[in-house]
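The following report goes through one protein model, moving from a surface feature to the overall fold and then to a single interior position.

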Amino acid sequence: MRINVQNMVTRLSRIPFVRQAIADKADLSPFKEPPTLRVIAGVGAIGFSYVIGWPLIAGLGALSIHLARPAIVLIGGPVAYGLSHLVFILGMYLAGAEYSMVFLRWLTRVGMLKLMALTRTSLPNELPPPSNPV
């Protein structure tokens, strides 16, 4: 089965979220305001979750091999992975979904415009009227 990239881009451009992001000319202007302490703590927790995720599991694996004790990684690996998810969720809660949605809308608009330029595809029909920015 051959995938036609131009058809895929056309189908993606029909998704309401994509069309609205392009119509609104979604940008990153909300990031110009200084972040609150809560947002900083949330982003810090998200960053820390990556440190205690796979790097910690790899370290436990190396320690497990070095000490010839497989139980270290068998027990510690899932615990570290679960802990990293909990810290990530806490970070997302603290940072809030607003910044994530702003970034996702901008990324959608930029990505679709690049795909449309590469495949020489235009938006079918007309765009919806711009909505209030997020």
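## Val-5 and the nonpolar patch

In this predicted model, Val-5 has a relative accessibility of 40% and therefore counts as partly exposed, since that class covers values between 20% and 50%. Val-5 lies in helix 1, and it belongs to a nonpolar patch on the surface that is formed together with Met-8, Leu-12, Ile-15, Phe-17, Met-101 and Leu-104. Taken together, the residues of this patch have about 530 Å² of accessible area.

Two elements, helix 1 (5-13) and helix 6 (97-119), each give two or more residues to the patch. Of the contributing elements, helix 1 gives the most, with 3 residues.

## Overall fold

The secondary structure of the protein consists of 6 helices and 0 strands, so that the order of elements from the N terminus reads α-α-α-α-α-α. Among the contacts with a separation of 6 or more, 84% are made by residues that stand 24 or more positions apart.

Of the 134 residues in the protein, 31% count as buried. The accessible surface comes to about 9,500 Å², and carbon and sulfur atoms account for 70% of that surface.

## Ser-84, a buried position

Ser-84 is placed in helix 5, which spans residues 71-95. Its relative accessibility is 7%, and Ser-84 therefore counts as buried, the cut-off for that class being under 20%. When residues up to four places away in sequence are not counted, Ser-84 touches Ser-49, Ile-52 and Gly-53.

Note on methods: Residues are numbered from 1 along each chain as its sequence is written. This is a predicted model: local features need pLDDT of at least 70, side-chain atom pairs count only at pLDDT 80 or more; totals for chains, interfaces and linings use all residues. Side-chain values use heavy atoms; hydrogens and water are left out. Helices (H or I, at least four residues) and strands (E, at least two) are DSSP runs, numbered from the N terminus. Buried means under 20% relative accessible area, exposed over 50%, partly exposed in between (1.4 Å probe, protein chains only). Contact means heavy atoms within 4.5 Å. Accessible areas come from the Shrake-Rupley method with a 1.4 Å probe; for residues, only the protein chains shown count as cover. Patches are made of residues with over 30% relative accessible area and no salt bridge: like charges are joined within 9 Å, nonpolar side chains (Val, Leu, Ile, Met, Phe, Trp, Tyr) within 5 Å. A salt bridge is a side-chain nitrogen of Lys or Arg within 4 Å of a carboxyl oxygen of Asp or Glu.
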